[in-house]
Amino acid sequence: MRVLGIESSCDETAAAVVSDDGVLSDVVWSQEVHAAYGGVVPELAARAHLERIVPVVRAALAAADVDRPDAVAVTAGPGLVGALLVGMSFARAAAVGWGVPVVAVNHLEGHLLSPLLERPAPPFPYLSLVVSGGHTTLYRVDGVGRYATLHETLDDAAGEAYDKVARMLDLGYPGGPEVDRLAALGDPLAVPLPRPLPAAGGWSFSGLKTAVRAVVRAGANRPEDVCAGFQAAVIDCLLARVNQEVDRTGIEHVAIAGGVAANRGLRARLAALPIATYAPPPGRCTDNAAMIGLTGLVRLNAGLESASFEARPSWEVH
Ligand code: KG4
Ligand code: ZN
């Protein structure tokens with residue numbers, strides 16, 4: 001089976017063809033119109049998706065040498081409603097035209113399953129840490145459609161914290177990649193920062209963010225050192241909970257996914273753990289449609305239909 005995946009939940013217009021043998025094509029168009037505004041502008045995102053969706057889908061089909069896929073999978077949430085509706089309307093119309101099924105896919109399920117696109121793939125059960133612009137969640141993945149949330153952030157997502165720290169330092173948007181680059185040039189011990197771990201479980205990055213703001217205001221440290229200190233604190237917090245869950249569950253296969261999983265510091269620290277670890281290549285950590293096509297494919301193969309075909313801006317995975 002060959003599934004066309006479509007992703008338009010935020011500021012990437014993406015299409016990919018995924019088959020039982022792997023990814024046949026993977027096209028991502030990153031919208032640059034938002035950079036000037038310091039964040040994603042929903043109306044501009046929707047308009048840019050509308051402009052790009054046809055060429056992006058055409059490019060994915062052509063690269064895979066596919067005229068008519070066997071099914072279409074599209075992100076139905078979480079995300080910006082106007083942006084989701086562009087991908088969903090297009091996907092439905094195309095599926096009707098081709099006479100093939102269309103499946104609504106949860107973007108977070110896409111991220112948490114994305115390590116399965118790589119070889120070696122993690123075996124079930126594995127722990128999947130989804131660290132993106134909107135989410136910081138540790139899932140236990142027992143199989144397709146069988147997920148348990150072990151920890152979540154109580155306030156900011158890790159990617160959001162990266163973007164806010166980048167804004168404090170005037171590094172542009174999205175700030176994660178630039179903080180990552182500067183962190184590699186700095187000394188993580190030069191700026192001591194807290195590593196808050198709420199007793200209630202999960203994570204909290206607001207205290208860390210406030211501490212970084214005070215350091216930046218004081219102006220005594222190099223931006224490279226601030227980034228290195230901040231990044232070390234985020235990674236310590238993330239991995240402390242992961243290690244706890246490895247010990248508690250006895251599951252020694254840990255994957256990371258989502259935009260922040262592209263972070264070089266996090267990838268290096270994860271790889272150093274004495275267990276089996278999995279990190280998709282950076283381009284498959286940030287938003288893409290291969291993970292949406294994969295999720296559609298494995299759900300269809302497992303006979304799991306989605307309950308509805310509606311845009312769901314705050315759709316969570318349980
Ligand atoms: O998964 P993603 O592409 O979109 C969402 O679903 O949110 O994640 C985007 C987030 C942004 O906050 C961005 O700053 C962050 O991932 N990010 C990074 C890196 N690359 C992207 N954060 C840290 N280091 C990176 N290299
Ligand atoms: Zn995402």
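A residue counts as buried when its relative accessible area is under 20%, and as exposed when it is over 50%. The exercises below use this definition on a predicted model.

**Exercise 1. Burial along strand β2**

Task: Determine how many residues of strand β2 (residues 12-19) are buried, and which of them point which way.

Solution.
- Step 1. Apply the cut-off of under 20% relative accessible area to each residue of the strand. Eight of the eight residues of β2 are buried, and the strand is mostly covered.
- Step 2. Sort the side chains by direction. E12, A14, A16 and V18 point one way from β2. T13, A15, V17 and S19 point the other way.
- Step 3. Account for the pattern. In a regular strand the side chains alternate between the two faces of the sheet.
- Step 4. Combine the steps. The residues of both sets in β2 are buried.

**Exercise 2. The neighbours of β2**

Task: Find which strands pair with β2, in which sense, and over how many bridges.

Solution.
- Step 1. Take strand β1 (residues 2-7). β1 and β2 run antiparallel and are joined by six bridges. One bridge is that of V3, whose partner in β2 is V18.
- Step 2. Look at the connection. Four residues stand between β1 and β2, and the two strands form a hairpin.
- Step 3. Take strand β3 (residues 22-30). Its pairing with β2 is also antiparallel, and this one has eight bridges. Here V17 has S25 of β3 as its bridge partner.
- Step 4. Look at the second connection. β2 and β3 form a hairpin as well, with two residues between them.
- Step 5. Read V17 and V18 together. V18 points one way from β2 and V17 the other, while V18 is bridged to V3 and V17 to S25.

**Exercise 3. Strands β4 and β5, and residue A76**

Task: State the sense in which β4 and β5 pair, then describe the surroundings of A76.

Solution.
- Step 1. Strand β4 (residues 71-77) pairs with β5 in the parallel sense, over five bridges. Within this pairing, G77 has N106 of β5 as its bridge partner.
- Step 2. Check the cover of β5 (residues 102-106). Four of its five residues are buried, so the strand is mostly covered under the 20% cut-off.
- Step 3. Place A76. A76 lies in strand β4.
- Step 4. Classify A76. Its relative accessible area is 0%, so A76 is buried.
- Step 5. List what touches A76, leaving aside neighbours within four places in sequence. The contacts are L84, M88, A104, V105, E310, A311, R312 and W315.
- Step 6. Compare sequence and space for one pair. A76 and G145 are 69 residues apart in sequence, and their C-alpha atoms are 16 Å apart.

**Exercise 4. Backbone exceptions in the loops**

Task: Locate the cis peptide bonds before P120 and P125, and the positive phi angles of D65 and D170.

Solution.
- Step 1. The bond between R119 and P120 is cis, with omega about -5°. The bond from F124 to P125 is cis too, with omega near -10°.
- Step 2. Place the two prolines. P120 lies in the loop between α3 (107-113) and β6 (126-131), and P125 is found in the loop between α3 and β6 as well.
- Step 3. D65 is not a glycine, yet its phi is positive, about 60°. D65 sits in the loop between α1 (42-64) and β4. Its relative accessibility is 68%, so D65 counts as exposed.
- Step 4. D170, also not a glycine, has a positive phi of about 60°. D170 is in the loop between α4 (158-168) and α5 (176-183). With a relative accessible area of 70%, D170 is exposed.

**Exercise 5. The protein as a whole**

Task: Decide how the radius of gyration compares with the globule rule for 318 residues, and add the overall counts.

Solution.
- Step 1. The protein has ten helices and ten strands.
- Step 2. Its radius of gyration is 19 Å and the globule rule gives 20 Å for 318 residues, so the protein is as compact as a globular protein of that length.
- Step 3. The C-alpha atoms fill a box of roughly 60 × 45 × 30 Å along the principal axes.
- Step 4. Buried residues make up 53% of the 318 residues.
- Step 5. Of the contacts between residues at least 6 apart in sequence, 71% join residues at least 24 apart.
- Step 6. The exposed area is about 13000 Å², with 53% of it from carbon and sulfur atoms.
- Step 7. There are 25 positive and 34 negative side chains, and the centres of the two sets are 2 Å apart.

Conventions
Residues numbered from 1 in each chain as written. Chains lettered and ligands numbered in written order. Predicted model: local features only at pLDDT ≥ 70, side-chain atom pairs only at ≥ 80, totals over all residues. Heavy atoms only, no water. Rg over C-alpha atoms; globule rule 2.2 N^0.38 Å. Buried < 20%, exposed > 50% of the residue type's maximum accessible area, 1.4 Å probe, protein only. Contact = heavy atoms within 4.5 Å. Areas by Shrake-Rupley, 256 points an atom, 1.4 Å probe, with all protein chains shown as cover. Lys, Arg positive; Asp, Glu negative; His and termini not counted. Charge placed at Lys NZ, Arg CZ, Asp CG, Glu CD. Pairing = 2+ DSSP bridges.
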